[in-house]
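Here are a few exercises to work through with the model open. Try each task before you read its solution.

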Amino acid sequence: MADRKFRVVVAGAGVSGLFMAETLKRAGLDFAVYEKAAEVGGTWRDNTFPGLFVDVLSRQYEFPFQPNYDWSRKYAPASEIWAYIKKVAHDRGLRKFIRFNEEIVRARFTDGIWHLDTAKGNRDVADVFICATGFLHKPLFPDIAGRESFAGPAFHSAHWDHGVPYDGKRWGVIGSGASGVQITEALAWAGCEVTQFIRRAQWVHIRENPHSTWKERLKLRLPFAYRREQRRLWQFINEFDRWRLEPGAARDAMEEEYRSYLDCIKDPELKRKLTPDYNLGCTRIPKSDKNYYAAVQLPNAHIVKGEIATIVPDGVVMADGTEVDLDVLVYATGFDAHAYMRPMQVTGLNGTTIDEAWREKIYSYGGIALPGFPNLFMLYGPFAPVNNVPVPLGLDQEIGCIMRLIAEARARGAAVAPTVEATEKFMARLGAAFPGTVWVGGCKNWYTGDEGVPVLWPFPQSEHKAFFEGVPAEDFRFIPTRPPD
Ligand SMILES: Cc1cc2nc3c(=O)[nH]c(=O)nc-3n(C[C@H](O)[C@H](O)[C@H](O)COP(=O)(O)OP(=O)(O)OC[C@H]3O[C@@H](n4cnc5c(N)ncnc54)[C@H](O)[C@@H]3O)c2cc1C
């Protein structure tokens with residue numbers, strides 16, 4: 001084994017997998033990326049529904065190693081984000097490292113290395129295995145009777161059927177989250193007859209999304225102007241989300257602003273239906289670029305609030321008996337946000353599987369590692385900052401730490417995993433931080449774990465950076481596996 005080259009395998013070629021791949025390439029390590037689909041991009045490849053725009057500033061959704069001076073808008077459309085990701089893969093020469101259409105279905109740590117099996121029956125081994133498999137990747141469908149009976153086209157928002165023409169159809173959109181809001185808004189403005197089925201109102205951010213001017217694009221090409229912009233963004237990220245963390249005037253002002261967006265709704269009954277009954281920020285806030293509240297007041301748009309009792313061949317029947325006839329049904333019903341790398345079967349030390357490890361509750365060390373699973377890393381795993389740090393920035397911090405741990409493990413000829421004590425300490429620190437934050441405001445959201453604890457990072461981004469820069473070697477156990485490099 002000693003003469004085998006030290007090797008890293010990454011599962012997934014979305015934003016996380018590509019960031020990891022570029023970093024491994026620069027470090028000169030031997031690595032491969034397995035991607036179960038035929039193209040890079042993950043979320044941005046799969047979600048092509050109308051109305052999808054990035055919810056952070058386009059500039060915040062850049063890899064630090066590849067600035068983009070040419071975003072068309074303040075918040076870019078999803079197609080542009082996907083085009084940028086594909087360009088990064090091409091420009092950085094990453095495609096040759098990716099094995100497309102290869103899903104890793106099993107990963108087992110034995111004899112100091114990871115043994116990997118793909119769905120096609122291929123095998124590989126890796127000293128380090130990195131799951132860049134996404135946190136919003138496995139579509140969720142609601143458990144509603146009669147789902148299979150619907151006669152027309154029916155699909156999840158993550159698999160939009162572009163073969164279905166918009167015109168002349170009665171569209172039903174199930175779900176009030178970010179996807180449901182953006183789809184309903186887009187269909188309504190396109191003149192379609194659309195009904196959105198909601199169980200609960202959402203806070204919606206009605207925002208401006210201007211085109212970027214040629215002057216702005218040109219300015220960013222000047223190195224000093226670019227650096228100044230970066231500093232400004234950094235400051236903005238640190239300060240912007242503080243209202244989420246503690247009650248006070250900033251939070252009250254924010255809630256008041258959001259409440260004022262509802263003032264454009266003329267019909268008091270519709271306004272009542274769309275007014276949330278829990279605090280702002282408890283759920284991830286849908287962003288609306290074309291005024292969702294104006295869109296749902298168009299004569300062709302309808303909001304139906306309540307439980308759907310059954311889906312029937314020609315529509316849905318609500319619990320109160322109301323029948324709504326439909327030609328197309330869209331499930332904007334979200335994702336299994338706590339699946340992470342699963343259904344992949346991952347087995348660590350002593351034959352313990354990931355399902356067994358997480359049976360009672362989901363946990364991690366820093367969102368990147370788990371005790372008992374040596375040299376297994378996750379990108380944006382449990383308790384990563386899925387709500388308050390732009391994903392590329394969070395990845396930069398996680399990947400920096402993972403690379404340091406890999407270097408240390410290699411130097412020691414060992415596999416590395418966090419200790420149980422350090423992981424418990426990390427989890428206790430997070431647990432103590434949730435009271436007072438917006439995420440425990442009496443709502444059910446996709447972050448909430450089995451025990452009612454939101455599975456996210458409840459601190460500002462500056463603390464995320466500080467955490468990963470300060471990860472001490474004592475938090476880890478190094479298990480000898482091979483002669484030191
Ligand atoms: C509709 C929608 C809108 C979003 N909007 C925003 C936004 O505006 N701003 C924001 O910050 N975030 C947004 N997100 C979150 C988004 O998921 C992240 O920003 C980011 O794209 C995650 O990248 P990732 O590479 O970690 O995961 P993903 O993009 O999910 O990529 C994971 C990849 O792994 C592959 N894969 C999974 N399992 C395996 C396996 N076993 N073997 C091989 N390959 C595998 C998948 O095919 C996929 O390509 C959004 C998510 C959704 C669903």
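**Exercise 1.** Find where the side chain of lysine 96 reaches and say whether lysine 96 is buried or exposed.

Solution. Start with the contact: the side chain of lysine 96 gets to the backbone oxygen of glycine 93, at 3.4 Å. That fits the cut-off for a polar contact, a pair of N or O atoms within 3.5 Å (within protein, one must be able to donate a hydrogen and the other to accept it, and residues adjacent in sequence count only if both atoms are side-chain atoms). Next, place the residue: lysine 96 sits in the loop between helix 3 and strand 3. Helices here are DSSP runs of H or I with at least four residues, strands are E runs of at least two, and both are numbered from the N terminus. Then check the surface: lysine 96 has a relative accessible area of 69%, so it is exposed. The scale is buried under 20%, exposed over 50% and partly exposed in between, with a 1.4 Å probe and protein chains only. Last, try a long span: lysine 96 and proline 454 are 358 residues apart in sequence and 38 Å apart in space, C-alpha to C-alpha.

A word on the ground rules: this is a predicted model, where local features need pLDDT of at least 70, side-chain atom pairs count only at pLDDT 80 or more, and totals for chains, interfaces and linings use all residues. Residues are numbered from 1 along each chain as its sequence is written, and side-chain values use heavy atoms, with hydrogens and water left out.

**Exercise 2.** Work out which strands stand at the edges of the five-stranded open sheet, and why one side of each is left without a neighbour.

Solution. Write down the order: 3-2-1-7-19, with parallel pairing. Strand 3 (98-99) and strand 19 each have a single partner strand, so one side of each has no neighbour in the sheet. Pairing takes at least two DSSP bridges between two strands. Now zoom in on one pair: strand 2 (residues 30-34) and strand 3 run parallel, joined over two bridges. For valine 33, the bridge partner in strand 3 is isoleucine 98.

**Exercise 3.** Describe how strand 5 and strand 6 are joined, and which side chains of strand 6 are buried.

Solution. Strand 5 and strand 6 run antiparallel, with four bridges between them; one bridge pairs histidine 115 with valine 125 in strand 6. Together they make a hairpin with four residues in between, and glycine 121 in the turn has a positive phi of about 95 degrees. Now look at the faces. In a regular strand the side chains alternate between the two faces of the sheet. Along strand 6 (residues 123-126), Asp124 and Ala126 point to one face and are buried, while Arg123 and Val125 point to the other and are not. Finish with threonine 118, which belongs to strand 5 (residues 113-118). Threonine 118 is buried, at 5% relative accessible area, and its side chain makes a polar contact of 2.8 Å with the side chain of glutamate 102.

**Exercise 4.** Locate serine 72 and find its side-chain partner.

Solution. Look in the loop between helix 2 and helix 3 (78-91), and there's serine 72. Its relative accessible area is 18%, so serine 72 counts as buried. The side chain of serine 72 makes a polar contact with that of glutamate 80, at 2.5 Å.

**Exercise 5.** Map the surroundings of the ligand: which residues come nearest, and which helix gives the most to the shell?

Solution. Of the 29 residues around the ligand, Ser16, Glu35, Thr43, Asp55 and Tyr61 come nearest; a residue qualifies if one of its heavy atoms lies within 4 Å. Helix 1 (15-27) and helix 2 (43-46) each supply at least two shell residues, and helix 2 gives the most, with three. Now for the contacts. An oxygen atom of the ligand is 2.5 Å from an N or O atom in the serine 16 side chain, and a backbone N or O atom of aspartate 55 also lies 2.5 Å from a ligand oxygen. The protein buries 95% of the 980 Å² that the ligand exposes when taken alone (Shrake-Rupley areas, 1.4 Å probe).
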